[in-house]
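Trainee: Could we go through this model together? I would like to know what stands behind each label.
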Amino acid sequence: MSVETYRFIKLTVGVLATLGLYSALYRENKFYRFFEHVFLGLAVGYAVVALWTETLYDLWWTKMMGSTAAVGQVATPGYWGWIVLLPIGLLGYFVFSSKNNWVSRIPIGIILGLWSGQQLQVWFTRYGPQMVKQMVPLLPTTSELFHPVTTGMTPAQVATVDSTVYVSQAITNIIVTVTFISVLSYFLFSFDLKNRFLKNATTLGRWLLMIGFGAIFGSTVMMRFTLLIDRMYFVWIEWLMKAILHK
Amino acid sequence: MATPDSSIGAKLQSLPRTLLYLILLLATSLPLIYGELAGGVSVPNQPLGAAVDFYAALMKIPPGKTVLLETDWTNSTRGENGGEFDAILRILMARGIKFAVFSTADPQAPQVAMDDIATINALRVQKGQKAYVRWTDWVNLGYFPNSEGTLNALAGNLATAFNGKKDVKPGGGLVDVFESPVLKGYTKLTDIPAVILVTASATSTVMIERLSGKVPLDFMVTGVMGPETQVYYSSKQLEGLVIGLKGVYDLETLMKQGLNGQGPDAVPSQKYAGLDVPPVNDNLGTGKGSAYYPTLHFALALLILAVIVGNVGMLLTRKRTAQ
Amino acid sequence: MPFDLGSLPMAQIYEGAQYLDTGWFSRVFTLVLVAFVLLNIKRAKSGKDLYIRRIAGLNAIDEAVGRATEMGRPVLMVPGLSGMNAIVVQALNIFVYVTRLCARFANPILVCCADAAVYTVAQEMIRDTYQQEGAIERYDTDSVRFISDRQFAFAAGVSGLIQREQAAATFFMGAFYAESLIFAETANSTGAIQIASSTETTQTPFFIAACDYVLIGDEFYAASAYLTRQPILVGSLVGQDWSKILIAATALAGALNVTAIVGPFTGAQATFEKTAGVIAPVKAPRAVAPSDAFMQHLLQGQGGAMISKTLTKPQRPKDPDYHPVGGGS
């Protein structure tokens, strides 16, 4: 089979699958269900193969056995210690034993422990820089309202302009700080909300959260549309115009 | 009280779904077909700062160096990630930067990436340019099942993290990737000028946690991940950021027009005053961003219209009920 | 902020270090937060009744199960897409509460999992719940199912299930991504009452738009702690509250510190700066930057400038175009 024919078959199957999955918009039907099952089956099949080729073989077997660059020449030595992972992993299968299924909790416990320990390690890397960036000047250093256009200025002048806090920037910074504090206060659960200040702060926090969610919503709707546009491009342009009509 | 079913308000609120889907289908198909027949439609665009930083960062990587390209997307998000991946490939290939592809999110991702590389390569050959050769110009490191473990290993030692991974050497079968011109001599993460992540999943957070501050990070994410990832860009944990279709269009605009250059179209940037970043002259035609972005406007206009119709309907119904 | 290609964060390279080295402060700060949590777990374990306010979403759970019982249709639960982690455990804790209600009213349940380990744990927790309620004969081994570990395959599978089984109440709790709206839309079309919570901020808006009740962010953990009253969960929650207050206070103190040193309304000039722990006069005259603040030094663990409020007139640079803003003019 020529590459062209293969490509054409691939595109056509893709178009059929796209139509099949979109047919659910009309109503649940057999055509949709067929492609749903094909999708599920393919994903499982792919994952099973990848489990051996990419996971167990590459990351466990090769590391345990070592690898050779040419015949008789060791590229990386094997580490037999990796064999310990096998019994730990196999403990998971005790879940099928009605009497000893508690054993299957051991590997889960190990995974949970590793995960928790790592979270402790990485949280400052993730949030530390954000806390630093949160520390912003709340009052302006000049009475000028806006950041001027720096086109045509020397680098030294640009640096001066950039290090000045203009009134508009100060207002932005205040909004950032108030949002941060009030949204955080919304998530305090061990206090009764009888305190009026706290109550107002949490209400403000909820409102600000909703504004944020609105922004996220808009951004995501754009993404969904893009995905649809891409499918339409696939069907009309890549398949119909390029593969069939050869435009 | 009258039955609400017959009122205009109720009708506006309950337009048949099938009709709405049909209109959406037309709104997303017709502009695409028109754009294709007309040879492209352009929309005025001012690239965002994050995309400008991304472009400038890539353009300063010396040719011949190797970047790590983590690809954590599949065809489910081709609309956004596909355009992003095409754009990054075109920049890397035009500048002669080598790359090593790997994924920590989905076993299918490396295959999807390879299909994309093949498509761009075919286009390059068609336009009389040199094809990017697997093994000498790029390697596929494959899929790694545990994002946290893999990136943690990478932070510690590049050679250990990818130890034992093999790729196809032309005429030589499967050979250790560190033998390839792409990764030969690279032992530490700090030897790598940048790690680029094209993602549709939370691996972006894992990468921030494990690699930020150790190597320059440049992310290309989907629109839905935009707001959360923007935070890391603002706090300078990321060097550059491309978000969704707008990001792709920004990047394609910069690739076409350059930054602060001499041409009349060059995108001006105060931040990069005095630094001329040239356009990417790969002559491969318009990318997915330019093809999709004008159509997105029709879809969004339709959405706004639907929101207005629904709200007018609700107001009318309320007014009627109040009477 | 001026952008300088040389001053990007990666200019500081921490070779071989597995986390970002920010000096002693980050370690002490992290340890303090850990201590807050541990201390409160200890308090909770010692029998002290720690207060947690009842969040409104909890009433919605009882209501949803009640409605499903009236309609005689199943309750469907999804503990998110992630692998086995703390988020899933909290989701399953809430599901145990839902299952308990369902077991009492003999209501069928369905739990859909996207991860093998989660599937195992869920199966066990659900079976235990039926046993505790003395209704093990009502436990259907098929009620906890593994669908697929691929995101959209899972989405397609679960939405198919929602439609075929005509679920009357759905609970989506845990880490959800792009599939959230697919679930919520499908369940909406079957008229199910939906209660959702995603630890992913980006998915919360969709749940807010499409579901009847949403537990936002940490409310999810609060619900789990409130329902189970387990000392570890309650103690953690209170410990986290203390941590949140400490973080807010640190950030606020930093903001005030920065505001004070940059010279409100007038601007201030930097005279000394601290580079790699060494204090030296500034090389070129410049205004005080937020990075010169003590609080930022503390968190970043690196150098910055020291200021002298008395020196308001900096040495003029040779560049005739240079005009300092604020104090100079």
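Trainee: How many residues of chain A are in contact with chain B?

Mentor: 43 residues of chain A are in contact with 49 residues of chain B. Two residues are in contact if their C-beta atoms, placed from the backbone, lie within 7 Å. Bear in mind that this is a predicted model, where local features need pLDDT of at least 70, side-chain atom pairs count only at pLDDT 80 or more, and totals for chains, interfaces and linings use all residues. Residues are numbered from 1 along each chain as its sequence is written, with chains lettered from A and ligands numbered from 1 in the order in which they are written.

Trainee: Which helix gives the largest share of the side of chain A that touches chain B?

Mentor: Helix 7 of chain A, with 18 residues. Helices (H or I, at least four residues) and strands (E, at least two) are DSSP runs, numbered from the N terminus.

Trainee: Why is the crossing of helix 3 and helix 4 of chain C called right-handed?

Mentor: Because a crossing is right-handed if the near helix is turned clockwise from the far one by less than a right angle, and left-handed if anticlockwise. The axes of helix 3 (residues 86-104) and helix 4 (residues 116-132) of chain C cross at roughly 30° and come within 9 Å. Such axes are lines fitted to C-alpha atoms, for helices over the stretch in contact, with angles from 0 to 180 degrees between N-to-C directions.

Trainee: Which residues meet there?

Mentor: Among them, V88(C) and L92(C) in helix 3 of chain C, and M125(C) and Y130(C) in helix 4 of chain C.
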